[in-house]
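Reader: Got a minute to walk me through this one? I'd like to go piece by piece.

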Amino acid sequence: MLNTNSTGLYDEIMLVIRAFDLEDADFTHYFSCSGGKFFNAIEYGGEFYDFEEEYKADNDLVFKRLAKRSAKLAFYKVLSKITGINLPWGALTGIRPTKLAYTEISASNDYNKLLKDMCVSEENIALVSRILKAQEGTYKKGGQDLYVSIPFCPTKCDYCSFITAPIEKTKIYLENYINCLVKELSSVKPYLTGLRSIYVGGGTPFVLENFQLTPIYAAINALFDKKIEYTVEAGRPDVFTEEKLKTAKEYGVTRICVNPQTFNDKTLEKIGRKHTSAQTIQAYEMAAKYGFDINVDLIAGLADETPKDFEKTLKTAISLNPANITVHTLSLKSGAKLKEETKKLSVNGIGEMIALSRELLTQAGYEPYYLYRQKYQAGGLENVGWAKPDKVCVYNVDTMEEISSNVAVGANAISKRYFGDEDRIERYAAPKDIPTYISKIDEIIEKRGRLFK
């Protein structure tokens, strides 16, 4: 149990303590500040540790941010010393390390120094630098991106936390859901004054029949009049058809996501997927004929896989030569079956798997271009998107770095308005539950309108 005199620091400190699997241990923490210095005193196991650090803050927001950083670093140093463990991201607990780097750059500070001070590994500091370089030419503040949520899937995978349920249980809502999406899409046109990209996500959008997808595409196409990046996260290969791909192409879709997660059939069966690796390759080849840029999603650490198993998956994905390959590290997510069954996530060889991905993808000509982290992620690692030259996905950069407004429609869709002058974001989240979303569609449209007016 953590006892601290500063309740505002409690949650941030606990993130560090949990990273070392010591949330059940007893800690006493005293925080104070005076004379331009932070003071952190920590007692653990009968030992006392004191830290002091100078700071400069010209407003309350900066003060709070630096205070949290100081307390987390103090705990990290204590726990690292006690356990002998050095975490790859050190005392950083935030979702977006690259956004932190951009903040330092805008303040004319050296982000490399900050990352070193926070005990981030040299490999990960280099990774951040590579990502910033890969984003050059794409990283532009302002404009909007459109997200369309289709939360239906053939089945629900063990690791998935999305609101999706097997379509056999939810298809009774489909007709009304599509009608609501079309209504929402027509309502957002006034806000799309600088549309940069479109992303139709899920769920598994291609689980819908072609005649059900067509009115959604038509409603989207009424919102823009020039060719822009347009992605459909088609999803699992067992729902691909020539007809769906042909229709997507006709409506201007430029990117398709094929999401195998693994190319090991035993693993696919264990995680609740009803397709094979051969079907994934068949779906990929089917999509490639239409000239789409193709994204492939993989997950490291699934269902007792070894580094050798993951190496096979990596090499198979690379052999297909997609525009993008995203490597996710397995994480425990609220609402996922995996989290219900597993209190602590320990994956043997997870560090080796991620190291392999960096080595093999670099050798194959891919560059990392976006990065984000999640709570309860195996090995304290991360998710990284890799792209071939000139194949960076604008939508991923915009949303991960939070540099544009995201106009989101559908159940569980979170709209974000970016205020560039103040570098801040306001949000509006639609209901997660599909029947609730349908019943409140007019209220949702009105509330989103308030956000963007």
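Reader: Which residue takes a positive phi in the hairpin of β14 and β15?

Author: Aspartate 423 does, with phi near 50°. That hairpin has 4 residues between the strands. Strands here are DSSP E runs of at least two residues, helices are H or I runs of at least four, and both are numbered from the N terminus. One caveat up front: this is a predicted model, where local features need pLDDT of at least 70 and side-chain atom pairs count only at pLDDT 80 or more, while totals for chains, interfaces and linings use all residues. Residues are numbered from 1 along each chain as its sequence is written, and side-chain values use heavy atoms, with hydrogens and water left out.

Reader: ok, how many bridges join β14 to β15?

Author: 6 bridges join β14 (residues 414-419) to β15 (residues 424-429), and the two run antiparallel. Two strands count as paired if DSSP finds at least two bridges between them. Serine 415 stands opposite tyrosine 428 in β15.

Reader: Switching to the N-terminal part. What's the strand order in the open sheet there?

Author: The order is β1-β2-β3-β4, with mixed pairing. β1 (2-4) and β4 are the edge strands, each pairing on one side only. On average, neighbouring strands are turned by 15° against each other, direction ignored. Axes are lines fitted to C-alpha atoms, for helices over the stretch in contact, and angles between N-to-C directions run from 0 to 180 degrees.

Reader: And which residues of β3 point to the buried face?

Author: Phe38, Asn40, Ile42 and Tyr44 do. Lys37, Phe39, Ala41 and Glu43 point to the other face and are not buried. Buried means under 20% relative accessible area, exposed over 50%, partly exposed in between, with a 1.4 Å probe and protein chains only.

Reader: What does β3 pair with?

Author: β2 (residues 27-34) joins β3 through 8 antiparallel bridges, with serine 32 opposite phenylalanine 39. β3 also pairs with β4 (residues 47-54), antiparallel over 8 bridges, and there isoleucine 42 stands opposite tyrosine 49. The β2 and β3 hairpin has 2 residues between the strands, and glycine 35 takes a positive phi near 60°. In the β3 and β4 hairpin, also with 2 residues between the strands, glycine 45 has a positive phi of about 60°.

Reader: Which strands does α2 lie across?

Author: Helix α2 (residues 60-83) lies across β1, β2, β3 and β4, at about 35° to β3. Helix α1 (residues 7-19) lies across β1 and β2, at about 145° to β1.

Reader: Now helix packing. How do α7 and α8 cross?

Author: The axes of α7 (residues 174-187) and α8 (residues 210-221) come within 9 Å and cross at roughly 10°. So α7 is roughly parallel to α8, a label for angles under 35 degrees. Among the residues that meet, with heavy atoms within 4.5 Å, are Leu181 in α7 and Ile216 in α8.

Reader: Last topic, how many disulfides?

Author: The structure holds 0, a disulfide being a pair of cysteine sulfur atoms within 2.5 Å. For cysteine 393, the nearest cysteine sulfur is that of cysteine 257, 7.3 Å away.

Reader: Is cysteine 393 buried or exposed?

Author: Buried, because its relative accessible area is 0%. Cysteine 153 counts as buried too, at 9% relative accessibility.

Notes
Angles under 35 degrees count as roughly parallel, over 145 as roughly antiparallel, 65 to 115 as roughly perpendicular and the rest as oblique.
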